[in-house]
Amino acid sequence: MKLKTNRLGEMLLEAGMIDQFQLESALSMQRNLGGRIGSAIVKLGYLPEETIMEFLESQSKFSRVSLQDLEIPLSVISVLPADKLKHLLVAPIELRQSGHEKTLRIAMTDPTNQKLISDLQFATGCRILPVLASEDEIRSALENNLPVEPPQPPPSEPVRQQATHDPNMVDFSDLPGEDPRLDRLLEILKQKGVLSAIDVERVKFD
């Protein structure tokens, strides 16, 4: 069965940088493990990441940005939830508004991924302007600019209620049923009014 390709894979194949077998292997890895086609090609050892970056940059449509030491405004980095940014491995870096239209510059490893761009446009309500950056730079930018979530307090343990002990209560559970000492003890308790005659009989025959 022929695997579905994507634009980056097709571009690398057409440029002679990978062959059909390598492309299908990378697509199979992407299908089974998830992630991006460029990452699969790098992990399989077919091309280094920098070579793919230089190739994409050479396509005049895409510009490469450096995210090193970049301070991203909170209003920009917060256009999407932090967990979604980490999962998609994208970093919003600039938000512009012209009239009623908002344009979001967003760094990604594969600006040819039209499905991802469409999903981002739908999620943010902005026109997406993709720019090129490496995985390491994007991860570092997210780590340095996303707000730190406060640690969650540990769950409180339920208060255990201590069993109350009634000093007037006598525990006969460990006494043998036919022990004459039990009869003597019951007689004393009856004489002192602690137990009634009915209680004594109940204890003897329980």
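## A loop residue with many neighbours

Let's start at Arg-36, which sits in the loop that links helix H2 (20-33) to helix H3 (37-43). The model here is a predicted one, and in it Arg-36 touches Gln-30, His-87, Leu-88, Leu-89, Thr-109, Glu-135 and Arg-139, leaving aside residues up to four places away in sequence. Take Leu-89 from that list: 53 residues separate Arg-36 and Leu-89 in sequence, yet their C-alpha atoms are 9.5 Å apart in space.

## The chain as a whole

Stepping back, the protein chain has ten helices and three strands. Read from the N terminus, its elements follow the order α-α-α-α-α-α-β-β-α-β-α-α-α.

Of its 206 residues, 33% count as buried. Among contacts with a separation of 6 or more, 54% are between residues 24 or more positions apart.

## The hairpin

Strand E1 (residues 90-98) and strand E2 (residues 101-108) run antiparallel and are joined by eight bridges. One pairing to look for is Gln-97 with its bridge partner in E2, Lys-102. The two strands form a hairpin with two residues between them, and Gly-99 in the turn has a positive phi of about 65°.

## Two nonpolar cores

In soluble globular proteins, nonpolar side chains tend to be buried together. Here the largest nonpolar core has 26 residues, and Leu-67, Ala-107, Leu-120 and Ile-138 have the most contacts inside it. Two or more residues each come from helix H5 (74-77), E1, E2, helix H7 (114-124), strand E3 (127-132) and helix H8 (135-145). E2 gives the largest share, four residues.

Leu-67 is a handy residue to click on: beyond residues up to four places away in sequence, Leu-67 touches Ile-93, Ala-107, Ala-133, Glu-137, Ile-138 and Ala-141. Apart from this core lies another one, of 16 residues, with Leu-8, Leu-23, Ala-26 and Ile-52 among them.

## Where H1 meets H4

Helix H1 (residues 7-14) packs against helix H4 (residues 49-58) at an angle of about 90°, and their axes are 12 Å apart. Angles of 65 to 115 degrees count as roughly perpendicular, so H1 and H4 are roughly perpendicular to each other.

On the H1 side, the residues that meet H4 are Leu-8, Met-11 and Leu-12; on the H4 side, they are Ile-52, Phe-55 and Leu-56. By type, the residues of this contact are six nonpolar, no polar and no charged. Leu-8 and Ile-52, both in this contact, also belong to the 16-residue core.

Key. Residues are numbered from 1 along each chain as its sequence is written. This is a predicted model: local features need pLDDT of at least 70, side-chain atom pairs count only at pLDDT 80 or more; totals for chains, interfaces and linings use all residues. Side-chain values use heavy atoms; hydrogens and water are left out. Two strands pair if DSSP finds at least two bridges between them. A nonpolar core is a set of buried Ala, Val, Leu, Ile, Met, Phe, Trp, Tyr and Cys residues joined through side-chain atoms within 4.5 Å. Buried means under 20% relative accessible area, exposed over 50%, partly exposed in between (1.4 Å probe, protein chains only). Contact means heavy atoms within 4.5 Å. Axes are lines fitted to C-alpha atoms, for helices over the stretch in contact, and angles run from 0 to 180 degrees between N-to-C directions. Angles under 35 degrees count as roughly parallel, over 145 as roughly antiparallel, 65 to 115 as roughly perpendicular and the rest as oblique. Ala, Val, Leu, Ile, Met, Phe, Trp, Tyr, Cys and Pro count as nonpolar, Asp, Glu, Lys and Arg as charged, and the others, Gly among them, as polar.
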